[in-house]
Amino acid sequence: MIERELIVSNKLGLHARATAKLVQVLSGHRCSATLTAKGREVNAKSIMGVMLLAAGFGTPVVLRVEGEDEAAAVDAVAALFDRRFDEEG
């Protein structure tokens with residue numbers, strides 16, 4: 001299991017489009033993934049679950065991944081957060 005703290009750094013936070021990108025990135029990996037923020041833990045492969053976090057700009061989230069390709073999944077998600085979900089130049 002790998003756990004990593006990430007900061008939501010895109011202006012709009014984990015809104016529908018950003019969440020869809022996150023779920024799409026994770027769906028290609030054979031692992032389970034959860035996101036925790038504001039005391040709530042959700043399935044990171046569920047659009048509705050991630051949207052329920054209501055994680056806005058600056059919110060710290062903890063990604064926890066476990067499975068066959070967990071390292072690749074964590075790296076892919078961290079890269080997506082680093083790129084601000086490809087929303088800002």
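The exercises below, each with a worked solution, concern a predicted model.

**Exercise 1. Packing of two helices**

Task: Determine how α1 and α3 are oriented to each other, and which residues make the contact.

Solution:
- Step 1. Two packed helices are described by the angle between their axes and by the distance between those axes.
- Step 2. For α1 and helix α3, residues 70–82, the angle is about 160° and the axes are 9 Å apart.
- Step 3. An angle over 145 degrees counts as roughly antiparallel, so α1 is roughly antiparallel to α3.
- Step 4. The crossing of α1 with α3 is right-handed.
- Step 5. On the α1 side the contact is made by Lys 21, Leu 22, Val 25 and Leu 26; on the α3 side it is made by Ala 73, Ala 76, Val 77, Leu 80 and Phe 81.
- Step 6. By kind, the residues of this contact are eight nonpolar, no polar and one charged.

**Exercise 2. Surroundings of Leu 22**

Task: Decide whether Leu 22 is buried or exposed, and list what Leu 22 is in contact with beyond its neighbours in sequence.

Solution:
- Step 1. Leu 22 belongs to helix α1.
- Step 2. Buried means under 20% relative accessible area; Leu 22 has 0%, so Leu 22 is buried.
- Step 3. With neighbours within four places in sequence left aside, the contacts of Leu 22 are Leu 35, Ala 44, Val 50, Val 77, Leu 80, Phe 81 and Phe 85.
- Step 4. One of these, Ala 44, is 22 residues from Leu 22 along the chain, and their C-alpha atoms are separated by 7.8 Å.

**Exercise 3. Two alanines of α3**

Task: Classify Ala 76 and Ala 78 as buried, partly exposed or exposed, and find what each touches.

Solution:
- Step 1. Ala 76 is in helix α3, and Ala 78 is also placed in α3.
- Step 2. The relative accessible area of Ala 76 is 25%, so Ala 76 is partly exposed.
- Step 3. Ala 78 has 7% relative accessibility and therefore counts as buried.
- Step 4. Residues within four places in sequence aside, Ala 76 is in contact with Val 25 and His 29, while Ala 78 touches Arg 4 and Leu 6.
- Step 5. From C-alpha to C-alpha, Ala 76 is 9.2 Å from Leu 22, with their positions 54 residues apart in sequence. For Ala 78 and Ile 7 the distance is 9.5 Å, at 71 residues apart in sequence.

**Exercise 4. A buried loop residue**

Task: Locate Asn 10 and state which backbone atom its side chain reaches.

Solution:
- Step 1. Asn 10 sits in the loop between β1 (2–7) and α1 (16–27).
- Step 2. Its relative accessibility is 0%, so Asn 10 counts as buried.
- Step 3. The side chain of Asn 10 reaches the backbone oxygen of Gly 13, at 2.9 Å.

**Exercise 5. Positive phi outside glycine**

Task: Describe the phi angle, place and accessibility of Lys 38 and Asp 86.

Solution:
- Step 1. Lys 38 is not a glycine, yet its phi is positive, near 55°.
- Step 2. The loop between β2 (31–37) and β3 (40–43) holds Lys 38.
- Step 3. Exposed means over 50%; Lys 38, at 60% relative accessibility, therefore counts as exposed.
- Step 4. Asp 86, also not a glycine, has a positive phi of about 60°.
- Step 5. Asp 86 is in the segment after α3, and at 46% relative accessibility it counts as partly exposed.

Conventions:
Residues are numbered from 1 along each chain as its sequence is written. This is a predicted model: local features need pLDDT of at least 70, side-chain atom pairs count only at pLDDT 80 or more; totals for chains, interfaces and linings use all residues. Side-chain values use heavy atoms; hydrogens and water are left out. Helices (H or I, at least four residues) and strands (E, at least two) are DSSP runs, numbered from the N terminus. Buried means under 20% relative accessible area, exposed over 50%, partly exposed in between (1.4 Å probe, protein chains only). A polar contact is a pair of N or O atoms within 3.5 Å; within protein, one must be able to donate a hydrogen and the other to accept it, and residues adjacent in sequence count only if both atoms are side-chain atoms. Axes are lines fitted to C-alpha atoms, for helices over the stretch in contact, and angles run from 0 to 180 degrees between N-to-C directions. Angles under 35 degrees count as roughly parallel, over 145 as roughly antiparallel, 65 to 115 as roughly perpendicular and the rest as oblique. A crossing is left-handed if the near helix is turned anticlockwise from the far one by less than a right angle, and right-handed if clockwise. Contact means heavy atoms within 4.5 Å. Ala, Val, Leu, Ile, Met, Phe, Trp, Tyr, Cys and Pro count as nonpolar, Asp, Glu, Lys and Arg as charged, and the others, Gly among them, as polar.
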